[in-house]
Amino acid sequence: MTRNEIISHLKQTPLNQLMRQADRVRQQHVGDDVHIRGIIEFSNYCCRHCLYCGLRKENKDIERYRMQPEEIIHLALDIARQGVKTIVLQSGDDFAYSAKTIASIVREIKQEADVAITLSLGERDFADYESWRKAGADRYLMKHETANPTLYARLHPGKTLKERLSALAFLQELGYEIGLGCMVGLPGQTLEDLAEDILLVHRFQADMAGIGPFLPQKDTPLGGHPPGDLTLTIKVLALVRLISKDIHLPATTATATIDPEHGVIQALKAGANVIMPDFTPQNYSQNYAIYNNKARVTLDLTRRLISKAGRNIGKGKGGSLKCKRPQRD
Ligand code: SAH
């Protein structure tokens, strides 16, 4: 699909039509399983200044927390005992956890449980990524946020899209399965930008893509902007499925925040095949305030929604479905 065709779908094609097509491609290429990834948001400290995110360093209105390594490991093993086969460890860009500490957390979880580990710790030294891969980390989730370099630079003071993409390319070279993704409805974002997001995910041969609406967070510079539109978000999701056929696509928590039942079910019917329930202890997670009123997607809710959508719970780790990964261009 060309950029112009994508733009015209975003503009004109009825949502139902895109959803039907995406659902068929999802069924053919990744089947009826929905993979469950248990997420632990283990620290909300962050050294970055992202204009949209409540964890930004400048935000003095949230209480900061850090989970201890033992606490993270203990919780991860508990999640594994509940039958969840992928553990996602996410945090702000928090350098208080040394590369060694993260590596030992990964190593211990991998020793004790038969799970895949996804790290989502933002931008770190390339040597850190290497040591975590050696310790057994399987996947790395780092959304590209927006494929428009000018918008990217405006939203991320002091950072560039180019840096983020070279980190992702390096992670891929290390053998991580990688997740990209963008927000939909960012202030200043155009349909042309979204078409570039969809094409970038494809060009990168990403194993996963997290697509969610932008949601305002009251204590950030973008707190007064309207949230991204659910219909447009679902259209982007459907187009990612139509173009990157065998990719893993979560029904994101941001989508659930706009509408907990309907949003997730719509995503599952528009190509999504992953849900990431939150296992962060609630006294912490209330402060993982990336945006306002973040929905609490529990394991129970996840199971209920999968069954409501007429789908199966994935039994395995739900690794990359790409049998071979051609070189990126
Ligand atoms: N520090 C890690 C994790 C960031 S938080 C990293 O840089 O990758 C995880 C995701 O939350 C981000 O990638 C971003 O897409 C999303 N997010 C943050 N603030 C948001 C907002 N206001 N609206 C929607 N999504 C947001």
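Is cysteine 182 buried or exposed, and what is its relative accessible area? In this predicted model, cysteine 182 is buried, with a relative accessible area of 1%.

**View 1. The ligand and the residues around it.** The ligand occupies the largest pocket. It is surrounded by 18 residues, of which the closest are Tyr52, Asp93, Lys143, Glu145 and Leu215. Sorted by class, this shell consists of ten nonpolar, four polar and four charged residues.

**View 2. Polar atoms of the protein beside the ligand.** Two residues approach nitrogen of the ligand through their backbones: a backbone N or O atom of tyrosine 52 lies 2.9 Å from a nitrogen atom of the ligand, and a polar backbone atom of serine 91 is 3.0 Å from a nitrogen atom of the ligand. Glutamate 145 contributes its side chain, in which an N or O atom is 2.6 Å from an oxygen atom of the ligand. Taken alone, the ligand exposes 550 Å², and the protein buries 91% of that area.

**View 3. Cysteine 53 and cysteine 50.** Cysteine 53 is buried, and its relative accessible area is 15%. The closest cysteine sulfur to that of cysteine 53 belongs to cysteine 50 and is 6.1 Å away, so the two are too far apart for a bond. A disulfide requires cysteine sulfur atoms within 2.5 Å.

**View 4. Cysteine 182 and cysteine 50.** For the sulfur of cysteine 182, the closest cysteine sulfur is again in cysteine 50. The distance is 15 Å, which is too far for a bond. The structure as a whole holds zero disulfides.

Terms used. Residues are numbered from 1 along each chain as its sequence is written. This is a predicted model: local features need pLDDT of at least 70, side-chain atom pairs count only at pLDDT 80 or more; totals for chains, interfaces and linings use all residues. Side-chain values use heavy atoms; hydrogens and water are left out. A residue is near a molecule or strand if one of its heavy atoms lies within 4 Å of it. A polar contact is a pair of N or O atoms within 3.5 Å; within protein, one must be able to donate a hydrogen and the other to accept it, and residues adjacent in sequence count only if both atoms are side-chain atoms. Accessible areas come from the Shrake-Rupley method with a 1.4 Å probe; for residues, only the protein chains shown count as cover. On a 1 Å grid over the protein atoms alone, a cavity is a set of points where a 1.4 Å probe fits but cannot get out, and a pocket is an open set with protein on both sides within 12 Å along at least five of seven lines; lining residues have an atom within 4 Å of a point. A molecule sits in a cavity or pocket if more than half of its atoms lie within 2 Å of its grid points. Ala, Val, Leu, Ile, Met, Phe, Trp, Tyr, Cys and Pro count as nonpolar, Asp, Glu, Lys and Arg as charged, and the others, Gly among them, as polar. Buried means under 20% relative accessible area, exposed over 50%, partly exposed in between (1.4 Å probe, protein chains only).
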